[in-house]
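User: Please take a close look at the aromatic and nonpolar interior of this structure. Then follow the chain outward to the loops and the ligand.

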Amino acid sequence: MGCSHLGFLLLIYYFLLVVLASESPKSFPIMAFDVGYTQLFGSDNMAVHREGKLVHLSLDERTGSGFVSQDLYLHGFFSVSIKLPADYTAGVVVAFYMSNGDMFEKNHDEIDFEFLGNIRGKNWRIQTNVYGNGSTSIGREERYSLWFDPSDNFHQYSILWTDSQIIFYVDNVPIREFKRTESMGGDFPSKPMTLYATIWDGSDWATNGGKYRVNYKYAPYMAEFSDFVLHGCAVDPIEHLAKCDNPQSSEAIPTEFDTKFPRSSV
Ligand SMILES: *[C@@H]1O[C@H](CO)[C@@H](O)[C@H](O)[C@H]1NC(C)=O
């Protein structure tokens with residue numbers, strides 16, 4: 001009897017594992033770079049490797065560089081793995097974000113991960129931002145220290161955006177949950193956005209408020225990107241027609257992935 005009992009428990013255990021695993025952001029399909037993205041600026045400083053599995057963006061005296069998604073998305077799960085440049089990176093900003101600032105000058109939406117350069121021996125800092133319909137009052141920037149050195153290896157940075165909340169994940173750990181409230185009114189991001197990844201010179205403000213500037217003696221600064229996930233409702237950039245069946249519904253998009261407690265922010 002003991003034996004079958006154990007077997008039954010194991011069965012339940014495996015069942016739970018399978019369910020949990022299938023809810024993990026990791027299970028979304030990874031696409032080749034060219035399938036979802038295209039070059040944005042600084043083409044000399046962008047290189048695509050390993051059949052689109054790996055992209056290098058660099059910053060030197062001449063220019064930074066960036067790439068942009070081919071489609072606009074209304075809600076979804078958007079993820080990329082990034083390895084940041086190592087050693088002295090003061091003033092160097094690497095960003096993974098979504099925005100519609102090119103279409104809505106006065107009332108744009110934006111959801112950002114920004115990495116603010118680093119002086120040797122200090123931790124990289126990561127910043128998140130949310131702008132809704134041009135309002136900067138709702139999702140003020142929050143800064144965190146990471147619990148690892150993001151220049152040592154690739155780590156996964158993800159944005160979940162539904163009509164009720166926005167969650168920022170680092171390696172599947174939610175570091176910020178931003179829920180829509182009644183009082184926000186129309187100030188919650190609700191128009192289609194494009195995804196961007198960029199590296200640029202933020203000397204004037206990035207590291208200790210601009211105290212440490214980019215030092216081009218150490219250039220080029222290179223950030224590496226892989227594991228591209230664009231899982232959402234794509235919207236045609238010209239017609240603004242949704243390519244998925246029901247653009248208003250976030251049914252296809254889980255509202256939350258796991259319940260791990262967020263790391264404390266610093
Ligand atoms: C967004 O802002 C514009 C311009 O300020 C305004 O006309 C519009 O009503 C706002 N949208 C929502 C949903 O509140």
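Analyst: What follows starts with the interior and ends at the ligand.

The model is predicted. Its largest nonpolar core has 53 residues. Within that core, the residues that touch the most other members are Phe67, Ile82, Phe96, Phe113, Tyr157, Trp161 and Phe225. There is also a second, separate core of six residues, with Phe28, Phe77, Leu160 and Tyr169 among them. In soluble globular proteins, nonpolar side chains tend to be buried together.

The aromatic rings deserve their own account. Over the whole structure, 18 aromatic pairs are found. One of these joins phenylalanine 67 and phenylalanine 228 in an edge-to-face arrangement, with 5.9 Å from centre to centre and 80° between the planes. This pair connects distant parts of the chain, since phenylalanine 67 lies in strand 4 (residues 65-83) and phenylalanine 228 in strand 13, 161 residues apart. Phenylalanine 67 and phenylalanine 228 are both buried.

Another edge-to-face pair is made by phenylalanine 115 and tyrosine 157, at 4.9 Å centre to centre and 75° between the planes. Here too the pair links distant parts of the chain: phenylalanine 115 belongs to strand 6 (residues 110-116) and tyrosine 157 to strand 9 (residues 155-161), 42 residues apart. Phenylalanine 115 counts as buried because its relative accessible area is 0%, and buried requires a value under 20%. Tyrosine 157 is buried as well, because its relative accessibility is 0%.

Ring pairs also build a cluster made of Phe33, Tyr37, Phe67, Phe225 and Phe228. Phe67 and Phe225 in this cluster are also listed among the core residues that touch the most other members. A ring can meet a charge as well: the charged end of lysine 191 sits over the ring of phenylalanine 104, 4.8 Å from the ring centre.

Strand 13 (221-235) comes up again in contacts that do not involve ring pairs. Valine 55, in strand 3 (residues 54-59), and glutamate 224 are 169 residues apart in sequence, yet their C-alpha atoms are 5.8 Å apart in space. Valine 55 is classed as buried because its relative accessibility is 0%. Serine 81, in strand 4, makes a polar contact through its side chain with the side chain of aspartate 227, at 3.2 Å. Serine 81 is a buried residue, because its relative accessible area is 4%.

The chain between strand 12 (193-201) and strand 13 (221-235) is a loop, and proline 220 is placed in it. The peptide bond from alanine 219 to proline 220 is cis, with omega near 0°. Serine 203 is found in the loop between strand 12 and strand 13 too. A polar atom of the serine 203 side chain lies 2.9 Å from the backbone nitrogen of valine 214. Serine 203 counts as buried because its relative accessibility is 5%.

Two other loops contain a backbone feature of another kind. Most residues other than glycine have a negative phi, and most peptide bonds are trans. Aspartate 171 has a positive phi, near 50°, and is located in the loop between strand 10 (165-170) and strand 11 (173-179). Aspartate 171 is partly exposed because its relative accessible area is 26%, which falls between the cut-offs of 20% and 50%.

Asparagine 133 also has a positive phi near 50°, and its loop runs between strand 7 (125-132) and strand 8 (135-145). Asparagine 133 is partly exposed, because its relative accessible area is 31%.

Asparagine 133 leads to the ligand. The residues around the ligand are Asn107, Asn133 and Gly186. A polar side-chain atom of asparagine 133 lies 2.5 Å from an oxygen atom of the ligand. Taken alone, the ligand exposes 360 Å², of which the protein buries 31%.

Notes: Residues numbered from 1 in each chain as written. Predicted model: local features only at pLDDT ≥ 70, side-chain atom pairs only at ≥ 80, totals over all residues. Heavy atoms only, no water. Core = buried A, V, L, I, M, F, W, Y, C linked by side-chain atoms within 4.5 Å. Buried < 20%, exposed > 50% of the residue type's maximum accessible area, 1.4 Å probe, protein only. Helix = DSSP H or I, 4+ residues; strand = E, 2+ residues; numbered from the N terminus. Phe/Tyr/Trp six-rings, centres within 6.5 Å; stacked < 30°, edge-to-face > 60°. Lys NZ or Arg CZ within 6 Å of the ring centre and 35° of its normal. Near = heavy atom within 4 Å. Polar contact = N/O pair within 3.5 Å; in protein donor to acceptor, adjacent residues only side chain to side chain. Areas by Shrake-Rupley, 256 points an atom, 1.4 Å probe, with all protein chains shown as cover.
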